[in-house]
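Trainee: I have a model open on my screen and would like to go through its empty spaces and its packing with you. Shall we take it piece by piece?

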Amino acid sequence: MKHDFKLDPNIYLPLHEVVFNTLRRAILTGELDPGERLMEIHLANQFGVSRTPVREAIRMLEQEGLVTLRPARGAVVSSISAESVKDVLEVRRAMDVLCAQLACKRITADALQSLKDACEAFRQAVTAPEKVITDIAACDVALHNIILEATGNRRLKQLVNNLSEQMYRYRFEYLKDADIYTQLIAEHTAIYEAIAARDEEAAASACGIHIDNQEHAIMKQIAFSKE
């Protein structure tokens, strides 16, 4: 394992939770690949801690389904299964469609301008000479968060945020494919234009297509990783 991990100190958290948060972020952002081993002694040496907080952190990651314990290999980063992708995206599709429909009714002029700016920020990120996936993902998250905030529905925000971290891991999978960037720009533009026109049907359709294409791209990446 050759990673330059650094703990994110937090005086309010136990050490094992600091290690857990560091490893969790590395898995969700794709810094740690599916199938990669998490060796306690190496991680302990890298973090400058004993093996106990590392062991506890790995146990917490296993409970979240991000790590799998395998005979003879120990702890490895869990793979992204086609079944889990479909389960999450089915729910996310329904919520994103609802978000877009509510945004058509409730978005303010300022938020609409922010959404337009977010579309442009995403376009710039994916067309930059040196593309950085973390920056592209951040732009994508920011864009969808504007639509979510525009709904004004606190319970819907809670439900979407509950899925957001799992979605972050999937988002990195499909953003690995630079061939889809032009398509993503077009999809974001379609969503923005539908919301700007207050056209709920068009907004719902654009969001549905966006998620369906996302599922297709992730499945493609999963199949490719198994070859």
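Trainee: Which residues line the second largest cavity?

Mentor: Keep in mind that this is a predicted model. The second largest cavity holds about 40 Å³ of space. Its lining is made up of R92, D96, D140, H144, M167, R171, Y174, H210, I211 and Q214.

Trainee: Thanks! Which helices each supply at least two residues of that lining?

Mentor: Take the lining residues, which include R92, D96, D140, H144, H210 and Q214, and place them on the helices. α6 spans 133-151 and α9 spans 200-226. The helices that each give at least two residues to the second largest cavity are α4, α6, α7 and α9.

Trainee: And how many residues of the lining of the second largest cavity are charged?

Mentor: The lining of the second largest cavity has 3 nonpolar and 3 polar residues. R92, D96, D140 and R171 are in the lining, and Asp and Arg count as charged. The number of charged residues there is 4.

Trainee: Now the largest cavity: which helix gives the most to its lining?

Mentor: The structure holds 2 cavities of 30 Å³ or more, and the largest has about 50 Å³ of space. It is lined by I27, G30, L32, D33, P34, I80, R169, F172, E173 and K176; by class these are 5 nonpolar, 1 polar and 4 charged. With 3 residues, the helix that gives the most is α7.

Trainee: How does α1 lie relative to α7, parallel or oblique?

Mentor: Two packed helices are described by the angle and the distance between their axes. Here the axes of α1 and α7 come within 8 Å and cross at roughly 45 degrees. Since angles under 35 degrees count as roughly parallel and 65 to 115 as roughly perpendicular, that crossing makes α1, relative to α7, oblique.

Trainee: Which residues of α7 make the contact with α1?

Mentor: On the α1 side, the contact uses R24, I27 and L28. By class, the contact has 4 nonpolar, no polar and 3 charged residues. The α7 side is made by E165, Y168, R169 and F172.

Trainee: What about the largest pocket: how many of its lining residues come from α7?

Mentor: The largest pocket has about 290 Å³ of space. Of its 16 lining residues, the closest to the centre are E64, L66, Q166, R169 and Y170. α1 (15-28), α4 (82-106) and α7 (154-175) each supply at least two residues of the lining, and the largest share, from α7, is 6.

Trainee: How many of the residues lining the largest pocket are polar?

Mentor: Sorting the lining of the largest pocket by class gives 5 nonpolar and 4 charged residues. Q166 is one of the lining residues, and Gln falls in the polar class. The polar count is 7.

Trainee: Moving on to the strands, which residue of β2 stands opposite R70?

Mentor: β1 (residues 67-70) and β2 (residues 74-77) run antiparallel and are joined by 4 bridges. They form a hairpin with 3 residues between them, and A72 in the turn has a positive phi of about 75 degrees. V67 stands opposite V77, while the residue opposite R70 is G74.

Trainee: One last pair: how many nonpolar residues are in the contact of α5 with α8?

Mentor: The axes of α5 (residues 109-127) and α8 (residues 181-196) come within 10 Å and cross at roughly 175 degrees, and the two helices are therefore roughly antiparallel. Among the residues in contact are L112, L115 and F122 of α5 and L184, I185 and I195 of α8. Besides 2 polar and 2 charged residues, the nonpolar count is 11.

Methods: Residues numbered from 1 in each chain as written. Predicted model: local features only at pLDDT ≥ 70, side-chain atom pairs only at ≥ 80, totals over all residues. Heavy atoms only, no water. 1 Å grid on protein atoms, 1.4 Å probe; cavity = no way out; pocket = protein on both sides within 12 Å on 5 of 7 lines; lining within 4 Å. Points joined across faces, edges and corners; volume = space filled by probe spheres on them. Axes fitted to C-alpha atoms, helices over the stretch in contact; angles between N-to-C directions. Parallel < 35°, antiparallel > 145°, perpendicular 65-115°, else oblique. Contact = heavy atoms within 4.5 Å. Pairing = 2+ DSSP bridges.
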